[in-house]
Amino acid sequence: MTTDFTSTTHTAFSHPGHPPATTTEHRGIRYLHLGTKWVQGAMRLDKPDAIELEYVQMMMMWMLFKTQPRRIVQLGLGSAALTKFSYRRFPDATVTAIELNPNVIAICGAQFALPPNDARLDVREMNALDFVLDPANHGTVDALQVDLYDEDARGPVLDTPEFYQACFDCLTDDGIMCTNVFGDFPNYDKNLQAMELVFDAVVWVPETEDENIVVLAFKKSPSLDFSELYERAATIKKQFNLPAKNWVNGLKQWMQDQQ
């Protein structure tokens, strides 16, 4: 996603050696950029804990299958939308976010309402690959959300079978990875094929308007009972105000397309 609005920056968000974190604002929405036109996240100013972008909302699709996660991890902080939502709405879970760029962490704390770390919230400046390769994290994550893009947004910066194997290793026995695939067209098939080499089941939903594809990768293949999924979607809509019925419709369409 791109914007044409005037960008602003601040020296506190321009730590050398990393892309600068910049913002634009339009109609009550603040957008995050990494010094380019590409949108890396967004926040509605009068609803800072809500998830604004459609594809980011879809990154919560694991909620259709898991109701009481113990540990939720984001690889790539973005504008902290997923981190804030998970932290606020799942009070019994610990939430970890891994972000390589210190400028992103700084701007999220200053301009995107990211709360400071505490006993449940752990935002770490580190490489996502180092996190997933660390044996201490293996078998500990119920929901893993992966959205790793650089300032050019041509495709995920980590996309090998080895990376996805390490993501698989981090999940609990019935854990789920939800990842965003966006960029040059060859990246779609490359990432999907890499995931299919590793995970027991990989499903995705049709493209959103901004051409993101959100993929669910299951460590253990689930049973897709659509009557139960629609019931769960109604609960998610009521409790969390997320358009979960659209997610189920997308999964149903995916199944029909595979036949």
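In this predicted model, Glu99 has Glu125, a residue of strand S6, as its bridge partner. The two strands concerned, S5 and S6, run parallel and are joined by five bridges, and together with helix H3 they make a right-handed β-α-β unit. Helix H3, which spans residues 102-111, lies across S5 and S6 and runs at about 145° to S6.

On its other side, S5 (residues 94-99) pairs in the parallel sense with strand S4 (residues 71-75), again over five bridges, and within this pairing Gln74 has Ala97 of S5 as its bridge partner.

These strands belong to an open sheet of seven strands, arranged in the order S6-S5-S4-S7-S8-S10-S9, in which the pairing is mixed. Strand S6 (121-125) and strand S9 (201-204) are the edge strands, each of them pairing on one side only. On average, and with direction ignored, neighbouring strands of this sheet are turned by 15° against each other.

Two helices that lie across strands of the sheet are set out below.

| Helix | Strands it lies across | Angle |
|---|---|---|
| H3 (residues 102-111) | S5 and S6 | about 145° to S6 |
| H8 (residues 244-258) | S9 and S10 (213-218) | about 110° to S9 |

Helix H2 can be described by its burial. Because seven of the nine residues of H2 (residues 81-89) are buried, this helix is largely enclosed by the rest of the structure. The buried residues of H2 are Ala81, Leu82, Thr83, Lys84, Phe85, Ser86 and Tyr87, where buried means under 20% relative accessible area.

Terms used: Residues are numbered from 1 along each chain as its sequence is written. This is a predicted model: local features need pLDDT of at least 70, side-chain atom pairs count only at pLDDT 80 or more; totals for chains, interfaces and linings use all residues. Side-chain values use heavy atoms; hydrogens and water are left out. Buried means under 20% relative accessible area, exposed over 50%, partly exposed in between (1.4 Å probe, protein chains only). Helices (H or I, at least four residues) and strands (E, at least two) are DSSP runs, numbered from the N terminus. Two strands pair if DSSP finds at least two bridges between them. Axes are lines fitted to C-alpha atoms, for helices over the stretch in contact, and angles run from 0 to 180 degrees between N-to-C directions. Contact means heavy atoms within 4.5 Å. A crossover is right-handed if, with the strands pointing away from the viewer, the path from the first strand over the helix to the second runs clockwise.
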